[in-house]
Amino acid sequence: MRAQFQLLLLFVVLNLNSGFGAVTTTNRTLRAAAGGMFIIGVGINDRIPERPNDWPLLISQFSAMTPENSLKPDPVQVTEGKFNLTRPDAFVDFAASNHLLVIGHCLVWAKDDRTPPWFFRDGTNVARRDLLLARMKTHIDTVAGRYRRRIARWDVVNEALDDGTNYLRPSGWSAACGEDFIVKAFEFAHAADPKALLVYNDYNNELPGKRAKQIRLVRSLREKQAPLYAIGLQGHYEIDRVPLKDIEDTLAAMRELGIKVVVSELDIDVIPRGRWWADGGKYHDELSKLDPYHDGCPPEVLQRQAEQYGQLFRLFRKYSDVIARVSFWDLHDGQSWLNTFPWTRVNHPLLFDREGKPKPAFDAVITALQAPPP
Ligand code: GLA
């Protein structure tokens, strides 16, 4: 398998100059620019081993990759006891052949609609705490155990904090176990792979309301001696609304707590999407028709995006003692989830365009990473 990948890679590299596939034409790399500060990673299509056109950009720019979907509880164990790990196996082999770290994502996703329903059922009853935790243990033992020492870091629990006034999001997990399901998930993951670095991952956890809950969770995991290495800020931002001050306050708080931060799913949407969720969804019809950059993103928008990426990376640099990794969510604009979520539009949220060519945002990030220390 390994030799096969290497041969194919050689083929792709040899074809770079003959216009084969999507390639980056720069010899400046994010990985080199961030070297010594933090790891630069990317969330990527699970079928990357079958997509040689994407290899040059991936392999030249990044040192870590997260499979977008195939390690989530739903595809992995749709039916109790039937583990579907064919795609992750190939992903992990591919990563090893190319000296890329794999970030496992995610062992528990604390949302009912993202968890196979059988987890929460016991015949016609609702599964109680012990059964739920036993199932969680089997899942984590099987998955984290299978990739021991090959998946170096795990998002152990994803999105458990509530967006409203509760501490934890209401779910089958929190209803049966309260906060203990998070503690147990970390214990099980550590037992399955004692060397893996374990992350708690969420969105909006840099904003003041959720940040307070995040700090409470970090303190509580500490007290209970759960092996938490870092919190993950997903980092799905929108142009002109990147919450720099809130991010900085969060980084400072984690520095004080002695906990690392990973920016796990970074992108900057150029078509703000916040109104989608406002006022009971009354803008859905209007927004569904909004596709302003279908034929390309205007240079002034790309420039603003670049400036905002630059500001972010200057901040990350300032806190490079706290930040362990920054991963983008998808390889280039053409592959971003923001082309279809929450409505279909041509989006431009990343550092590389649809041909894999560096955008102004790429230059801004490289410049920010190479600037003299703040
Ligand atoms: C969340 C999840 C990711 C992914 C994105 C959208 O951020 O953590 O796994 O599903 O949504 O692609």
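Colleague: By class, how many nonpolar, polar and charged residues does the shell around the ligand have?

Modeller: The structure is a predicted model. In the shell around the ligand there are three nonpolar, four polar and three charged residues.

Colleague: Which residues are around the ligand?

Modeller: A residue belongs to this group if one of its heavy atoms lies within 4 Å of the ligand. The group is made up of Lys72, His105, Trp109, Asn158, Glu159, Gln234, His236, Glu265, Trp329 and Trp337.

Colleague: Which polar side-chain atoms lie at a short listed distance from an oxygen atom of the ligand?

Modeller: A polar contact is a pair of N or O atoms within 3.5 Å. For histidine 105, a polar side-chain atom lies 2.5 Å from a ligand oxygen atom. For asparagine 158 the corresponding distance is 3.0 Å, and for tryptophan 329 it is 3.2 Å.

Colleague: What percentage of the area that the ligand exposes when taken alone does the protein bury?

Modeller: Taken alone, the ligand exposes 300 Å², and 89% of that is buried by the protein.

Colleague: Where does the ligand sit?

Modeller: Let us begin with the general idea. A probe the size of a water molecule, rolled over the atoms, shows where empty space is left. A pocket is an open set of points, whereas a cavity is a set from which the probe cannot get out. In this structure the ligand sits in the largest pocket, which holds about 910 Å³ of space.

Colleague: Which residues lie nearest the centre of the largest pocket?

Modeller: They are Tyr203, His236, Arg273, Trp337 and Phe341, from a lining of 28 residues. By class, that lining has nine nonpolar, eight polar and 11 charged residues.

Colleague: Which strand gives the most to the lining of the largest pocket?

Modeller: Strand 9 does, with three residues. Strand 3 (101-109) and strand 9 (236-238) each supply at least two residues of this lining. Two residues already named as being around the ligand, His236 and Trp337, are also among those nearest the centre of the pocket.

Colleague: Which residues line the second largest pocket?

Modeller: Its lining consists of Asn45, Asp46, Arg47, Asn69, Ser70, Pro75, Asn84, Thr86, Arg87 and Pro88. About 160 Å³ of space lies in this second largest pocket. Helix 5 (residues 86-97) provides the largest share of the lining, three residues. By class, the lining has two nonpolar, five polar and three charged residues.

Colleague: How many cavities of 30 Å³ or more does a search of the whole structure find?

Modeller: The search finds two. The largest cavity holds about 50 Å³ of space, and the second largest cavity has a volume of about 30 Å³.

Colleague: Which residues line the largest cavity?

Modeller: The largest cavity is bordered by Pro73, Leu107, Val108, Trp109, Thr115, Phe119, Met136, His139, Ile140 and Trp173. Strand 3 and helix 6 (129-146) are the elements that give two or more residues to this lining. Eight of the lining residues are nonpolar, two are polar and none is charged. Trp109, named here in the lining, is also one of the residues around the ligand.

Colleague: How do the residues that line the second largest cavity divide into nonpolar, polar and charged, and which residues are they?

Modeller: The residues are Leu30, Phe62, Phe328, Asp330, Leu331, Leu350, Leu351 and Phe352. Seven are nonpolar, none is polar and one is charged. Aspartate counts as charged, so the charged residue in this lining is Asp330.

Technical notes:
Residues numbered from 1 in each chain as written. Predicted model: local features only at pLDDT ≥ 70, side-chain atom pairs only at ≥ 80, totals over all residues. Heavy atoms only, no water. Polar contact = N/O pair within 3.5 Å; in protein donor to acceptor, adjacent residues only side chain to side chain. Areas by Shrake-Rupley, 256 points an atom, 1.4 Å probe, with all protein chains shown as cover. 1 Å grid on protein atoms, 1.4 Å probe; cavity = no way out; pocket = protein on both sides within 12 Å on 5 of 7 lines; lining within 4 Å. Sits in = over half its atoms within 2 Å of the grid points. Points joined across faces, edges and corners; volume = space filled by probe spheres on them. Helix = DSSP H or I, 4+ residues; strand = E, 2+ residues; numbered from the N terminus.
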